[in-house]
Amino acid sequence: QKALAADRISNGPHLYYPDPHGPGGMGKDGAKGLLKMQQQGGHTIAQDEESSVVFGMPKAAIDLGAANEVLSLHGIAQSLGQRFERPPK
């Protein structure tokens, strides 16, 4: 099944996004994609319930063990900022 961007990961930081030709990235579909990324060596983050408007996919990812971290929306922004930071040239 051609479903997620995780199918196309290479080295370097990546953000999860649903493939427009596959499942919508909601609930279990999105959680399975996140798990696949984690199994391929990716560091995965799920949004916590308190800061989520809709908690379906993050909850499914947490329940599946697909999230290395569970963070607030603000915490996700901080974590991504640190991970994408590049040393000055």
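Is lysine 59 buried or partly exposed? In this model, which is predicted, lysine 59 is partly exposed, with a relative accessible area of 41%. I shall return to this residue after an outline of the chain.

Let me begin with the overall layout. The chain contains 3 helices and 2 strands. Read from the N terminus, these elements follow the order α-β-α-β-α. The chain has 89 residues, and 35% of them count as buried. As for contacts between residues with a separation of 6 or more, 52% join residues that are 24 or more positions apart.

I turn now to helix α1, which covers residues 27-39. What span should its 13 residues have? At 1.5 Å a residue, the expected value is 18 Å, and the end C-alpha atoms are 18 Å apart, which agrees. Among the buried residues of α1 are Gly30, Ala31, Leu34, Leu35 and Met37. Against what do the buried residues of α1 pack? They pack against β1, residues 45-47, and against α2. After the helix comes glycine 41, which has a positive phi, near 100°.

Two further residues of α1 deserve attention. Aspartate 29 belongs to this helix and is partly exposed, at a relative accessible area of 36%. Its C-alpha atom is 8.9 Å from that of alanine 60, although 31 residues separate the two along the chain. Glutamine 38 also lies in α1. With a relative accessible area of 19%, glutamine 38 counts as buried, because the limit for that class is under 20%. Setting aside neighbours within four places in sequence, glutamine 38 contacts Thr44, Gly65, Ala66, Ala67 and Asn68.

One of those partners, threonine 44, sits in the loop between α1 and β1. Is threonine 44 buried or exposed? Its relative accessibility is 2%, so threonine 44 counts as buried. Apart from residues up to four places away in sequence, threonine 44 touches Leu34, Met37 and Gln38, and also Ala66, Ala67, Asn68 and Glu69.

Next, consider how α1 and α2 are arranged. Two packed helices are described by the angle between their axes and by the distance between those axes. How are α1 and α2 placed in these terms? Their axes come within 8 Å and cross at roughly 50°. The two helices are therefore oblique to each other, and their crossing is right-handed. On the α1 side, the residues that meet α2 are Gly27, Lys28, Gly30, Ala31, Lys32, Leu34 and Leu35. On the α2 side, their counterparts are Gly56, Met57, Ala60, Ala61 and Leu64.

Between β1 and α2 there is a loop that holds phenylalanine 55. At 19% relative accessibility, phenylalanine 55 counts as buried. Leaving out neighbours within four places in sequence, phenylalanine 55 is in contact with Gln47, Asp48, Glu49 and Ile62. Phenylalanine 55 and glycine 27 are 28 residues apart in sequence, and their C-alpha atoms are 8.6 Å apart in space.

I come finally to the salt bridges, and with them to the residue from my opening question. How many salt bridges does a search of the whole structure find? The search finds 2.

In one of them, lysine 59 pairs with aspartate 63, and the closest N and O atoms are 2.8 Å apart. Where do these two residues lie? Both are in helix α2, residues 56-64, and they are 4 residues apart, about one turn of the helix. Lysine 59, as already stated, is partly exposed, whereas aspartate 63 is exposed, with a relative accessible area of 56%.

Another salt bridge joins glutamate 69 to arginine 83, with the closest N and O atoms 3.8 Å apart. Glutamate 69 lies in strand β2, residues 69-71, and arginine 83 in helix α3, residues 73-84, so this pair ties together parts that are 14 residues apart in sequence. Glutamate 69 is partly exposed, at a relative accessible area of 24%. Arginine 83 is partly exposed as well, at 44%. Glutamate 69 has also appeared above, among the residues that threonine 44 touches.

To close, I return to two points. The axes of α1 and α2 cross at roughly 50°, and the buried residues of α1 pack against both β1 and α2. The salt bridge of lysine 59 is formed with aspartate 63, and that of glutamate 69 with arginine 83.

Definitions and conventions:
Residues are numbered from 1 along each chain as its sequence is written. This is a predicted model: local features need pLDDT of at least 70, side-chain atom pairs count only at pLDDT 80 or more; totals for chains, interfaces and linings use all residues. Side-chain values use heavy atoms; hydrogens and water are left out. A salt bridge is a side-chain nitrogen of Lys or Arg within 4 Å of a carboxyl oxygen of Asp or Glu. Buried means under 20% relative accessible area, exposed over 50%, partly exposed in between (1.4 Å probe, protein chains only). The expected span of a helix is 1.5 Å times one less than its number of residues. Contact means heavy atoms within 4.5 Å. Axes are lines fitted to C-alpha atoms, for helices over the stretch in contact, and angles run from 0 to 180 degrees between N-to-C directions. Angles under 35 degrees count as roughly parallel, over 145 as roughly antiparallel, 65 to 115 as roughly perpendicular and the rest as oblique. A crossing is left-handed if the near helix is turned anticlockwise from the far one by less than a right angle, and right-handed if clockwise.
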